[in-house]
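User: Please take a close look at one part of this model, the small sheet, and explain how its strands are arranged. Add whatever helps to place it alongside a helix and the cysteines.

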Amino acid sequence: MVPFSFAGETFEATASGALYWSARSALLVADLHLEKASWFARLGQFLPPYDSHATLSALADELERSGATQLYCLGDSFHDAFGCDRLPANARELLTELTSSLEWTWIVGNHDPGFADHCGGTIRDEVELGPLVLRHEAVAGEARPEISGHFHPKLRLHLKGRQVSRRCFVVSANKMIMPAFGSLTGGLDAHHPEIMRSVGTGAAALVPVSDRLLRFPLAA
């Protein structure tokens with residue numbers, strides 16, 4: 001994990017898109033989109049049905065690595081409001097094991113409004129934690145430092161004749177947009193006008209690699 005400062009607090013970012021807040025012993029993730037494959041399957045587009053277990057296994061690894069005692073999922077944890085009901089047995093077992101081992105908070109997103117969790121945890125619209133507000137989608141004009149998800153930011157670069165795409169954190173003075181953590185999620189270019197509108201001026205894309213954090217200024 002690579003440390004950096006935001007809103008006077010120290011965080012550690014991982015290449016998988018997780019954020020660890022050591023002062024709170026809290027791990028933050030966004031946009032798991034569990035059961036996305038089964039949602040598409042109901043529409044006749046069949047995808048390998050392993051996305052939920054893969055995402056939860058990666059999350060379990062991050063929890064073990066960080067030693068976090070709290071977890072905040074910043075919305076769109078399920079791809080739709082009924083995704084929790086479709087979890088296969090192995091994914092449900094793993095999720096139940098995780099939610100019983102720490103303080104788990106689900107923040108509701110636009111994909112999963114009104115979902116009823118059957119595997120533990122607490123459901124909230126947003127959370128105020130210390131000096132920060134945690135929510136799914138950035139709110140224009142929010143004066144408090146804010147961490148959100150929703151946009152799945154990715155930094156796309158052309159290097160040596162090929163395009164390279166990496167999950168990234170988009171950060172300005174008081175806004176941070178986290179990348180999607182889910183194994184079956186796409187991404188919006190970090191330079192996209194909607195992202196720029198949400199974070200304001202002076203934003204940068206942060207890409208954790210190994211023991212470094214690469215910073216790329218983003219033009220508004």
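Analyst: In this predicted model, strand β11, residues 153–159, pairs with β12 in the antiparallel sense, and six bridges join the two. Within that pairing, L155 of β11 has R166 of β12 opposite. The sheet to which they belong is open and has three strands, ordered β12-β11-β15, with mixed pairing. The edges are taken by β12 (162–167) and β15 (188–189); each has a single partner strand, so one side of each has no neighbour in the sheet.

Helix α3, residues 89–99, can be described by its two sides. The buried residues are A91, L94, L95, L98 and T99. These residues lie on the same side of α3 because the arc they cover around the axis is only 130°. An α-helix has 3.6 residues a turn, so residues three or four places apart point the same way. A89, E93 and E97, on the other side of α3, are exposed. The cover over the buried residues of α3 includes helix α2 (51–66) and strand β6 (103–107).

As for the cysteines, C73 has 1% relative accessibility and therefore counts as buried, the cut-off being under 20%. C168 is also buried, its relative accessible area being 0%. A search for disulfides across the whole structure finds zero.

How values were computed. Residues numbered from 1 in each chain as written. Predicted model: local features only at pLDDT ≥ 70, side-chain atom pairs only at ≥ 80, totals over all residues. Heavy atoms only, no water. Disulfide = S-S within 2.5 Å. Buried < 20%, exposed > 50% of the residue type's maximum accessible area, 1.4 Å probe, protein only. Pairing = 2+ DSSP bridges. Helix = DSSP H or I, 4+ residues; strand = E, 2+ residues; numbered from the N terminus. Arc of directions from axis to C-beta. Contact = heavy atoms within 4.5 Å.
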